[in-house]
2 protein chains.
Amino acid sequence: MTRAERSDAARNRAAVLAAADELFATVPEPARLSMDDVAAAAGVGKGTLFRAFGNRAGLLQALWQRRYEPLRYAIESGPPPLGPETDPRQRIAAILDAILVVKLDNRHLTLAVEERSGGTSLYEQPQYQLVHQLLCDLVRAAGGGGDSELLAHLLLAAVRADLLNHLASRRGISRRRLRAALASAVDLVLEAADASPPSD
Amino acid sequence: MTRAERSDAARNRAAVLAAADELFATVPEPARLSMDDVAAAAGVGKGTLFRAFGNRAGLLQALWQRRYEPLRYAIESGPPPLGPETDPRQRIAAILDAILVVKLDNRHLTLAVEERSGGTSLYEQPQYQLVHQLLCDLVRAAGGGGDSELLAHLLLAAVRADLLNHLASRRGISRRRLRAALASAVDLVLEAADASPPSD
DNA sequence: TTGCCAACCGGGCTGTCGGTCCGGATCGCA
DNA sequence: TGCGATCCGGACCGACAGCCCGGTTGGCAA
């Protein structure tokens, strides 16, 4: 049984989240943003920061979760095209498009979140595994005859933060073009998967 | 004009390459392999190591280049299916398959190479840009009607080192299954791109 | 063979950063 | 108002990339 958080702890936690959010939005290179920076910006000691979030990854997870929460909810129990009542193929496209947009809107943060740090890679994060599992099911439901598990990984590889960041920030490719290309690619893969029946 | 390397420098350079190759092949977590470790294993001072390769990224590049060289040569001027005389669509498949295999055979090394370190991401490496450019051209030549530049990025995203490492090492997925899934995915994308004529 | 100097060697040193620690302050309940 | 559990904060630690510089060595010229 975890006891309720003391009021000062809650206050500090909120201050850290706010300051970190602000920092990640403005800083040019998220990897260069140190925990000391965050603590200083939040007007809080480093110890406080680490007690509240465990480690850097924990802080990043907390930040990302707040950003991702609305989308997660929309996918789990919202109306079409994200919600469960949608045709699988359209839902896959809608979900990937939504993820693309959220990641673009939070480039630096997602970049930091997906950064390999410690021993944990992107693929071990529960966030990733959840989406992957969902996509797996949807691909199967959409009649994909191939290796749905790996295909789901490939779909998600298309919206990796560093790729998006490179294309959008470094190369200056417009959001519209990115969305169009992703939609087209997804469409092609699923369309074709549907056209060719399972071989065994 | 760069002067020729002194013989002791060449010897040390070779010792470092050999030792590092060995280390990256055996170590479980390449990110944990420090420059001190490499220097010690090579029986060389750290200063020597940094003078020879500039920084960690330089060492990794040198190691990777040696591994990648044969493939690069085969692609640039070898016989089919990798060489220039191949039908574009088959060549794309062959190149991606070959890259997949090389990366699987040098998991830890490629993992370290593609690790984002300093300010440079995978997408800024000349190695990547070369392959990307080639794939671009091939996709166009294969009659892809869509955004060939972005499509080439998506194809390469399918063989990212951390994805492969996760699937092969962590999840224990067989090489055969990986190759089959990749081939199938590539085929689907190109097949479909070919079937649907350019929209504008 | 010898002398000379530029190139090279090596490992100690620095700066940075994630993470820990613990004495002191604070909260909240009785 | 008293008291203990909880929390605060910044000094501290270990790890690591990269720099520095006094000492050494290779290789050319005389």
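Helices here are DSSP runs of H or I, at least four residues long, numbered from the N terminus. With that settled, I will start at the DNA. This is a predicted model.

The largest share of the surface near DNA strand C comes from α3(B), which gives 4 residues. In total 21 residues lie around the strand, and K46(A), R6(B), N12(B), G47(B) and R51(B) come nearest. On the DNA side, sugar and phosphate make up 57% of the strand C atoms that come within 4 Å of the protein.

Now some individual contacts. In chain A, the side chain of S7(A) has an N or O atom 2.8 Å from a phosphate oxygen of strand C. In chain B, a polar side-chain atom of T48(B) is 3.0 Å from a phosphate oxygen. G47(B) reaches a base instead: one of its backbone N or O atoms is 3.1 Å from a base oxygen of strand C. The elements giving two or more residues to this surface are α1 (7-26) and α3 (46-53) of chain A, and α1 (7-26) and α3 (46-53) of chain B. By residue class, the surface holds 9 charged, 8 polar and 4 nonpolar residues.

Next, the largest pocket. The space in it is about 570 Å³. Its lining has 30 residues, and those nearest the centre are E115 and R116 of chain A, with E115, R116 and S117 of chain B. Two or more lining residues come from each of α6 (107-114) and α9 (161-170) in chain A, and from α4 (56-77), α6 (107-114) and α9 (161-170) in chain B. What is the lining made of, by class? There are 12 charged, 11 nonpolar and 7 polar residues.

How values were computed. Residues numbered from 1 in each chain as written. Chains lettered and ligands numbered in written order. Predicted model: local features only at pLDDT ≥ 70, side-chain atom pairs only at ≥ 80, totals over all residues. Heavy atoms only, no water. 1 Å grid on protein atoms, 1.4 Å probe; cavity = no way out; pocket = protein on both sides within 12 Å on 5 of 7 lines; lining within 4 Å. Points joined across faces, edges and corners; volume = space filled by probe spheres on them. Nonpolar A, V, L, I, M, F, W, Y, C, P; charged D, E, K, R; others polar. Near = heavy atom within 4 Å. Polar contact = N/O pair within 3.5 Å; in protein donor to acceptor, adjacent residues only side chain to side chain.
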